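Here is a short note for a colleague who is opening this entry for the first time. Please keep the sequence and the 3D view at hand while reading.

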Amino acid sequence: MNLDFMSLKTTSVAAVKGERHKEKVLERQKAQELEQAMLSERELNPYWKDGGTGLPPEKDEEASVKKVTVVEDAGLSWLRKSYQRMKEQAEREKRNFEEIVAERYGSVEIFQSRLEEAEKAASRKENYQRSGRWRKTDYSESERERKEQHIEKVTRDEDDRN
């Protein structure tokens, strides 16, 4: 029984824990890479595919600023309120009204054009609603009489029950 203990390899507990920790980290990285690969294969949003940010590339910032969403009255009420506040600010600060409009909108002409566009859009929408499906129906005489008779009958029935 001659064993040479000096030739056996010895390892410390810390070294074993360090190796296990490295293995776990590598396994996690592999699992994340697999999951990411699976997500990118099934991704429908073209801006998320291939490691994208999820947003389209910004080619022209001015184009995104010029987009105007039309809300109910096409912004007419908002522009009128803005006009009123500019007047109040001019009175409060004792400045020229055109200066304040120029600060906010660039020039008075630009503000006027926006206001006119909003008024046109609002009038178009109002005309559509008037001419469209929102119109009340005009009942003929016979239909009115039938409705009145029905209402009278219902009220008589209720009175009889009481």
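The points below go from the overall fold to single residues and charges.

1. **Status and overall fold.** This is a predicted model. The protein chain has 6 helices and 0 strands. Its pattern along the sequence reads α-α-α-α-α-α. Of its 162 residues, 10% count as buried.

2. **The annotated region.** UniProt, in an unreviewed entry, lists residues 76-103 as "coiled-coil region". In the model, the chain over residues 76-103 is 89% helix and 0% strand. The C-alpha atoms at the two ends of this stretch are 20 Å apart. Two helices to look for here are α3 (76-93) and α4 (97-105), with a loop between them.

3. **The loop residue Lys94.** Lysine 94 sits in the loop between α3 and α4. Its phi is near 55°, a positive value in a residue other than glycine. Most residues other than glycine have a negative phi. The side of burial is clear too: lysine 94 has a relative accessible area of 74%, so it counts as exposed.

4. **Salt bridges around that loop.** Which residues are linked in a network of salt bridges? They are Glu93, Arg95, Glu99 and Glu103. Glutamate 93 and arginine 95 meet through their side chains, at 2.9 Å from N to O. Arginine 95 also forms a salt bridge with glutamate 103, where the closest N and O atoms are 2.3 Å apart. Side chains of opposite charge can pair when their charged atoms come close.

5. **Exposure within the network.** Glutamate 93 is partly exposed, at 38% relative accessible area. Arginine 95 is partly exposed as well, at 29%. Glutamate 103 has 54%, so it counts as exposed.

6. **A link between helices.** The count of salt bridges in the model comes to 4. One of them joins glutamate 119 and arginine 80, with the closest N and O atoms 4.0 Å apart. Glutamate 119 lies in helix α5 and arginine 80 in helix α3, so this pair ties together parts that are 39 residues apart in sequence. Glutamate 119 is partly exposed, with a relative accessible area of 34%. Arginine 80 is partly exposed at 47%.

7. **A buried alanine.** Is alanine 118 buried or exposed? Its relative accessibility is 3%, so alanine 118 counts as buried. The cut-off for buried is under 20%. Alanine 118 belongs to helix α5, which covers residues 108-131. Serine 77 is 41 residues away from alanine 118 in sequence. In space, their C-alpha atoms are 8.9 Å apart.

8. **A positive patch.** Lys17, Arg20, Lys24 and Arg28 form a positive patch on the surface. One of these residues, lysine 24, is placed in helix α1, which runs over residues 13-42.

9. **A negative patch.** Where on the surface is a negative patch formed? Look at Asp157, Glu158, Asp159 and Asp160. Aspartate 160 is in helix α6, residues 141-161. With a relative accessible area of 65%, aspartate 160 is exposed.

10. **To take away.** The model shows 6 helices and 0 strands. Helices α3 and α5 are tied by the pair of glutamate 119 and arginine 80. Glu93, Arg95, Glu99 and Glu103 make up a salt-bridge network. The surface carries a positive patch that includes Lys24 and a negative patch that includes Asp160.

Note on methods: Residues are numbered from 1 along each chain as its sequence is written. This is a predicted model: local features need pLDDT of at least 70, side-chain atom pairs count only at pLDDT 80 or more; totals for chains, interfaces and linings use all residues. Side-chain values use heavy atoms; hydrogens and water are left out. Patches are made of residues with over 30% relative accessible area and no salt bridge: like charges are joined within 9 Å, nonpolar side chains (Val, Leu, Ile, Met, Phe, Trp, Tyr) within 5 Å. Accessible areas come from the Shrake-Rupley method with a 1.4 Å probe; for residues, only the protein chains shown count as cover. Lys and Arg count as positive and Asp and Glu as negative; His and the chain ends are not counted. The place of a charge is taken as NZ of Lys, CZ of Arg, CG of Asp or CD of Glu. Helices (H or I, at least four residues) and strands (E, at least two) are DSSP runs, numbered from the N terminus. UniProt positions are given in the numbering used here, feature names are shortened, and annotations may be inferred rather than shown by experiment. Buried means under 20% relative accessible area, exposed over 50%, partly exposed in between (1.4 Å probe, protein chains only).
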